[in-house]
Amino acid sequence: MYSGVIPKARSNATLTTIAYSKDHAQIACDSQTTDGSVIVSNTTKKWFNTRCGSRVFSSGGTLDIYAFEQHYKKGAVLPATMSLVKYIRITPGRVFYGEVKGGVLKEEALTTSHAIGSGDKYAIAGFKLGIDAQAAVQLSSELDPQTNDNINTFCTKCARTIENCCCK
Ligand SMILES: [Zn+2]
């Protein structure tokens with residue numbers, strides 16, 4: 001984690017880095033939750049699993065992510081007042097990018113490497129240099145105070161953790 005002065009957090013929290021590398025068939029995320037300038041957790045799970053076998057990684061305010069998860073899992077109504085939630089969803093072999101705002105969910109196939117969250121620009125810069133998703137989040141954690149280096153990485157071909165992946 002960056003050890004310099006922590007800048008004031010943006011009001012619409014997107015405080016994480018979630019990075020998808022198409023070239024490496026890999027998605028990685030950090031585990032930090034920040035409230036204002038206070039780190040409240042270093043071990044937050046940034047994804048949830050759905051009954052149909054998807055794994056959904058989301059960035060946004062904590063309450064908005066909760067509302068989104070309830071909608072996705074149980075069909076709960078999306079509150080019109082919720083702020084923007086961005087997410088990347090994987091099912092074995094397929095990757096999607098989605099946004100939820102004002103009670104509306106939009107999703108499309110993700111055909112290039114991409115990153116979301118407060119450290120997104122660092123991860124995308126890393127992709128330009130050819131690094132994988134785990135290294136991209138590692139890079140973000142060094143430059144973005146709202147991203148930590150407790151990183152979880154998954155294979156997008158089988159949706160398992162890279163430790164449990166047998167694709168290669
Ligand atoms: Zn795999």
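Guide: A residue counts as buried if 20 or more other C-beta atoms lie within 10 Å of its own, as exposed if 12 or fewer do, and as partly exposed in between, with C-beta atoms placed from the backbone. You are looking at a predicted model, in which local features need pLDDT of at least 70, side-chain atom pairs count only at pLDDT 80 or more, and totals for chains, interfaces and linings use all residues. Residues are numbered from 1 along each chain as its sequence is written.

Visitor: Thanks! What makes you say that both faces of β2 are covered?

Guide: Look at each side in turn: Gln26 and Ala28 lie on one, Ile27 and Cys29 on the other, and all are buried. In a regular strand the side chains alternate between the two faces of the sheet. As for the names, strands are DSSP runs of E with at least two residues, helices are runs of H or I with at least four, and both are numbered from the N terminus.

Visitor: Why is Thr17 called buried?

Guide: Thr17 has 33 other C-beta atoms within 10 Å, and the definition asks for 20 or more, so the label applies. Thr17 sits in the segment before β1 (18-21).

Visitor: Which residues is Thr17 in contact with, leaving aside its neighbours within four places in sequence?

Guide: Contact here means that the C-beta atoms of two residues, placed from the backbone, lie within 7 Å. For Thr17 the partners include Cys29, Asp30, Ala115, Val137, Ser140 and Thr147. The C-alpha atoms of Thr17 and Asp64, 47 residues apart along the chain, are separated by 17 Å.

Visitor: How do you know that β1 and β2 pair?

Guide: A pair needs at least two bridges found by DSSP. β1 and β2 have 4 and run antiparallel, so they qualify as a pair. Within that pair, Ala19 stands opposite Ala28. The hairpin has 4 residues between its strands, and Ala25 takes a positive phi near 50° there.

Visitor: What makes β10 and β11 edge strands?

Guide: The open sheet has 4 strands in the order β10-β1-β2-β11, with antiparallel pairing. β10 and β11 each have a single partner strand, so one side of each is left without a neighbour in the sheet. On average, neighbouring strands here are turned by 10° against each other, direction ignored. At the β11 edge, 4 bridges join β2 to β11; Gln26 has Cys155 as its bridge partner, while Ile27 stands opposite Phe154.

Visitor: Why is α3 described as largely enclosed?

Guide: Helix α3 covers residues 133-143, and 9 of its 11 residues are buried, so the rest of the structure largely encloses it. Among those buried residues are Ala133, Gln134, Ala136, Val137 and Leu139. They pack against β1, β2, β10, α2 (120-128) and β11. Ala28 of β2 shows this well, with Ala133, Gln134, Ala136 and Val137 among its contacts.

Visitor: How does α2 run relative to β10?

Guide: α2 lies across β1 and β10, at about 165° to β10. For α3, the direction makes about 25° with that of β2. Such angles run from 0 to 180 degrees between N-to-C directions, using lines fitted to C-alpha atoms, for helices over the stretch in contact.

Visitor: Which members of the largest nonpolar core touch the most other members?

Guide: They are Ala19, Ile27, Ala28, Ile88, Ala123, Ala136 and Val137, out of 34 residues. α3 gives the most to this core, with 5 residues. A nonpolar core is a set of buried Ala, Val, Leu, Ile, Met, Phe, Trp, Tyr and Cys residues joined through C-beta atoms within 7 Å.

Visitor: What is the strand order in the sheet that holds β7?

Guide: That open sheet has 5 strands, β5-β6-β7-β8-β9, paired antiparallel. β5 (47-49) and β9 (104-109) are its edge strands, each pairing on one side only. The twist averages 25° from one strand to the next. Between β7 (residues 85-91) and β8 (residues 94-101) there are 7 bridges, and Tyr87 stands opposite Gly98.

Visitor: How do you know that the radius of gyration agrees with a compact globule?

Guide: The rule is 2.2 Å times the number of residues to the power 0.38, with the radius taken over C-alpha atoms. For 168 residues a compact globule would have a value near 15 Å, and the protein chain has 15 Å, so the two agree. The C-alpha trace spans about 40 × 40 × 25 Å along its principal axes, and 42% of the residues are buried.
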